[in-house]
Amino acid sequence: MKKQPVWMEYVWITLGAIFIAFPIKNIYAPVNLVTGGVSGLAIIFNKMFGVPLWATTAAINAILFLVSLKLLGWNYVKRTAYTMAALSASLAWIPSVPMFNGDMIISAIFGGICTGIGVALTIRNGTSTGGTDMLAWLIRLKLKSRSVVEIMQFLDAAVVLAGIYVFGIQPAMYALITVYTVTKVSDSLIEGVNFSKQIFVISDKSEEIAQAVMQELDRGVTAIQATGMYSKTNKQMHSVIYRRQLLLDCGLEMPKHTFYVDNIFVYQPLPHVRTLYYLDVNFYRYFIGRGDQSVNEAVMIGRIDQQLKVTRLMLSYYDPYKIENRRLRQYMILYLEIMMVVCSILAIKSGEKDNMLKKKEIWYHLKNLNFRLFMRIRWGFLGQSMNLPGKAGRQVSILGYKITQKFYGFN
């Protein structure tokens, strides 16, 4: 796919800034919706002191820009600097047209849609709007014990608490609807709104079901061989086999003395594959459920360093957004999302401080490596559920994991 010219990227960034600025001025501010960040502070200062929204945004972002320029360099801040300027200019020039007559629900949802579109346009073109994101990076340079994400959560929480103090609890409750809407809309626009569903059917009549699905629904079927632990009966699983020449051509190198490299074996060569074949053969048998298996939860927690090592390697192989095939691109991103979630929940379940630091480091590594991919995974539903703040948040993450484990039956 041909890359768009740089000037076009800045057109999209400008449009994104307008979509972000419009709801701040005409939807959030009139009904006191404080969703965090610099825009939240701007709304608070506007109500308390009459300071224009654009002035607060421009002043705070200008200070952050100058400090970031000195500490991080021009290459890091140049595109973000333009986005911040475009946002402040949009807040100044967009006419004030309060909407929806104070209807909080419509304001929260429609404002979230507009902001989500704006966020997606900026992220897709390799930038952010600065604000608490940039401030968190600056604080992280001095506060090494905390991750950027954790600092961002603290800063946004502080702004929301200030909003509660000034406007009361009710607007903050509606602000949660806005935050959720922004996440869903931006995520859909970044990744696309097309979804595919995969259904696992476990039955003794697998052949009849497969024929019905292929002939009547015109869909593919994969047979999987396994052993049910309750019934002790054989089920079906699948294996992945590549041609040796393809593995040589793609330069596959497996790390030595490392578990969980099957993820690498599947992930790295896959973009080089042009044709897939399904062979219905009794290739081997695998007994699921032994206590010492590498996929047993307790064993995985004990080997979390190896899980993290494999995940880092997988993150380094590709920028999935450069993969042209849409379905393959979505699959590769979802695979990385699963790997990040597995690392996170293992660290949380271990309850060890060192493992929690390793969890923060892997998310920090992803943000440094690929900001766009980080935003997709970190602020997706699974990423947020693995990064809930505080001890109570970690307990919620574990509860969600246990419910999923009970539902899907993995060990």
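Where in the chain does Y260 lie? Y260 sits in the loop between helix 10 and helix 11. The model is predicted, so a word on confidence comes below, after the overall build. The chain holds 18 helices and two strands. Of its 411 residues, 42% are buried.

**Overall build**

- Take the contacts between residues at least 6 apart in sequence: 71% of them join residues at least 24 apart.
- The chain exposes about 23,800 Å². Carbon and sulfur atoms supply 62% of that area.
- One example of a long sequence separation is the pair R124 and W12. They are 112 residues apart in sequence, and their C-alpha atoms are 8.9 Å apart in space.
- R124 belongs to helix 5, which covers residues 104–124. Its relative accessibility is 40%, so R124 counts as partly exposed.

**Nonpolar cores**

- The largest nonpolar core has 44 residues. M314, L366 and L373 have the most contacts inside it.
- Several helices give two or more residues to this core, including helix 13 (304–317), helix 15 (353–369) and helix 16 (371–378).
- Helix 14 gives the most, with 11 residues.
- A second, separate core has 23 residues. Among them are A17, V31, A86 and I94.
- What does L373 touch, not counting residues up to four places away in sequence? Its partners are L315, P320, Y321, I333, L336 and L366.

**Helix 14 and its ends**

- Helix 14 runs over residues 326–350.
- Its 25 residues should span 36 Å at 1.5 Å a residue. The end C-alpha atoms are 36 Å apart, so the model agrees with the expected span.
- At the start of helix 14, N325 makes a link through its side chain. A side-chain oxygen of N325 comes within 3.1 Å of the backbone nitrogen of R327.
- Just after helix 14 comes G351, with a positive phi of about 70°.

**Loop residues to look at**

- Most residues other than glycine have a negative phi. Two loop residues here go the other way.
- Y260 is not a glycine, yet its phi is positive, at about 65°. Its relative accessibility is 8%, so Y260 counts as buried.
- N32 also has a positive phi, near 65°, and is a residue other than glycine. N32 lies in the loop between helix 1 (6–31) and helix 2 (37–49).
- Is N32 buried or partly exposed? At 21% relative accessibility, N32 counts as partly exposed, because the cut-off for buried is under 20%.
- Q268 lies in the loop between helix 11 and helix 12. Q268 is buried, with a relative accessible area of 8%.
- Leaving aside neighbours within four places in sequence, Q268 is in contact with C250, G251, L252, E253, Y317 and Y318.

**Confidence**

- The chain averages a pLDDT of 80. A score of at least 70 is reached by 78% of the residues.
- Residues 193–200 stay under 50 in pLDDT. The model has four contacts beyond four places in sequence for this stretch.
- Residues 228–233 also stay under 50. For these, the model has eight contacts beyond four places in sequence.
- Where pLDDT is low, the predicted coordinates should not be read in detail.

How values were computed
Residues are numbered from 1 along each chain as its sequence is written. Side-chain values use heavy atoms; hydrogens and water are left out. A nonpolar core is a set of buried Ala, Val, Leu, Ile, Met, Phe, Trp, Tyr and Cys residues joined through side-chain atoms within 4.5 Å. Buried means under 20% relative accessible area, exposed over 50%, partly exposed in between (1.4 Å probe, protein chains only). Helices (H or I, at least four residues) and strands (E, at least two) are DSSP runs, numbered from the N terminus. Contact means heavy atoms within 4.5 Å. Accessible areas come from the Shrake-Rupley method with a 1.4 Å probe; for residues, only the protein chains shown count as cover. pLDDT is the predictor's confidence in each residue, from 0 to 100. The expected span of a helix is 1.5 Å times one less than its number of residues. A polar contact is a pair of N or O atoms within 3.5 Å; within protein, one must be able to donate a hydrogen and the other to accept it, and residues adjacent in sequence count only if both atoms are side-chain atoms.
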